[in-house]
Amino acid sequence: MQLKREGFRVNHKVVMRLMKEENLTCKVKRSRYNSYKGEAGESKSNIIKRNFKAATANKKWATDVTEFKAAGKKLYLSAIIDMYNSEVISYSIAEKPNLKLVLEMLGKAIAKTENTKGIILHSDQGWQYKHAAYQNMLKESGIIQSMSRKGNCLDNALMENFWGILKTEMYYGSVFERTDVLKRELVEYIEYYNNKRIKEKLHGLSPVEFRLKFQLTA
């Protein structure tokens, strides 16, 4: 798809053959950060029920927190993804997976969205999402909260898929000697992912390109 965007005429089977000849393969390593810490706080029902499709932007969002390591220290990324085009709506990065990390991310998403009333925001049952401050922030913005069933990562597969893509393409196999370098790389990757990384399910467009094309033709 990228070659076609650049003006080349090529069959996908030729690309597959050349990749095989050059021993170019995708190696994926999966790991998962679990923020579940018991039953403290209020759980919400699973409204999404694995229906990760949305007809328009800002109708269904998903969120999660994931963990990175650099030079013996940890870094945490909290992000919100739009189910319409897999675009990263907002994110925050910190050295601790605390409530501030999640509230900062949510505040950014609310601030940049013209109308948040009726948006469904789906997450796992992490303690941050059960916290009164987080749930009150959603309520005040008219956002409807949805939660995965306990211990079922497939209920939030959109976020799991994004973490897998991000870590495979810029984290696994790399060595980061400082957390500030890792943070800079994360920021640059998310910018690339939103604006330049094409997706087959988006007809060979990046998430932002797909959204803008829809808005212009709607």
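**Helix packing, the largest pocket and the Lys196 loop**

Helix H3, comprising residues 99-112, has 14 residues and should therefore span 20 Å at 1.5 Å a residue; the distance of 20 Å between its end C-alpha atoms agrees with this expectation. The structure examined here is a predicted model. The buried residues of H3 are Leu99, Leu101, Val102, Met105, Leu106, Ala109 and Ile110. These buried residues cover an arc of only 165° around the axis, and therefore lie on the same side of H3. On the face of H3 turned away from this buried side are the exposed residues Lys100, Ala111 and Lys112. Both strands and helices take part in covering the buried residues of H3. The covering elements include the strands S1 (60-70), S2 (73-82), S3 (88-94) and S4 (120-123), together with the helices H4 (127-130) and H5 (132-140).

The corresponding analysis was applied to helix H7. With 17 residues (residues 179-195), H7 should span 24 Å at 1.5 Å a residue, and its end C-alpha atoms are indeed 24 Å apart, so that expected and computed values agree. Buried positions in H7 are Thr179, Val181, Leu182, Leu186, Tyr189, Ile190, Tyr193 and Asn194.

The loop between H7 and helix H8 (207-217) contains Lys196. Lys196 has a relative accessible area of 62% and, because a value over 50% counts as exposed, is assigned to the exposed class. Apart from neighbours within four places in sequence, Lys196 is in contact with Glu191 and Ser206. Between the C-alpha atoms of Lys196 and Phe210, which are 14 residues apart along the chain, the separation is 11 Å.

Empty space in the model was also examined. The largest pocket has a volume of about 400 Å³. Its lining consists of Met1, Gln2, Leu3, Lys4, Val10, His12, Val15, Met16, Met19, Ile198 and Glu200. Two helices, H1 (2-5) and H2 (12-21), each supply at least two residues of this lining. H2 gives the most to the lining, with four residues. In terms of residue class, seven of the lining residues are nonpolar, two are polar and two are charged.

Definitions and conventions: Residues numbered from 1 in each chain as written. Predicted model: local features only at pLDDT ≥ 70, side-chain atom pairs only at ≥ 80, totals over all residues. Heavy atoms only, no water. 1 Å grid on protein atoms, 1.4 Å probe; cavity = no way out; pocket = protein on both sides within 12 Å on 5 of 7 lines; lining within 4 Å. Points joined across faces, edges and corners; volume = space filled by probe spheres on them. Nonpolar A, V, L, I, M, F, W, Y, C, P; charged D, E, K, R; others polar. Expected span 1.5 Å × (residues − 1). Buried < 20%, exposed > 50% of the residue type's maximum accessible area, 1.4 Å probe, protein only. Arc of directions from axis to C-beta. Contact = heavy atoms within 4.5 Å.
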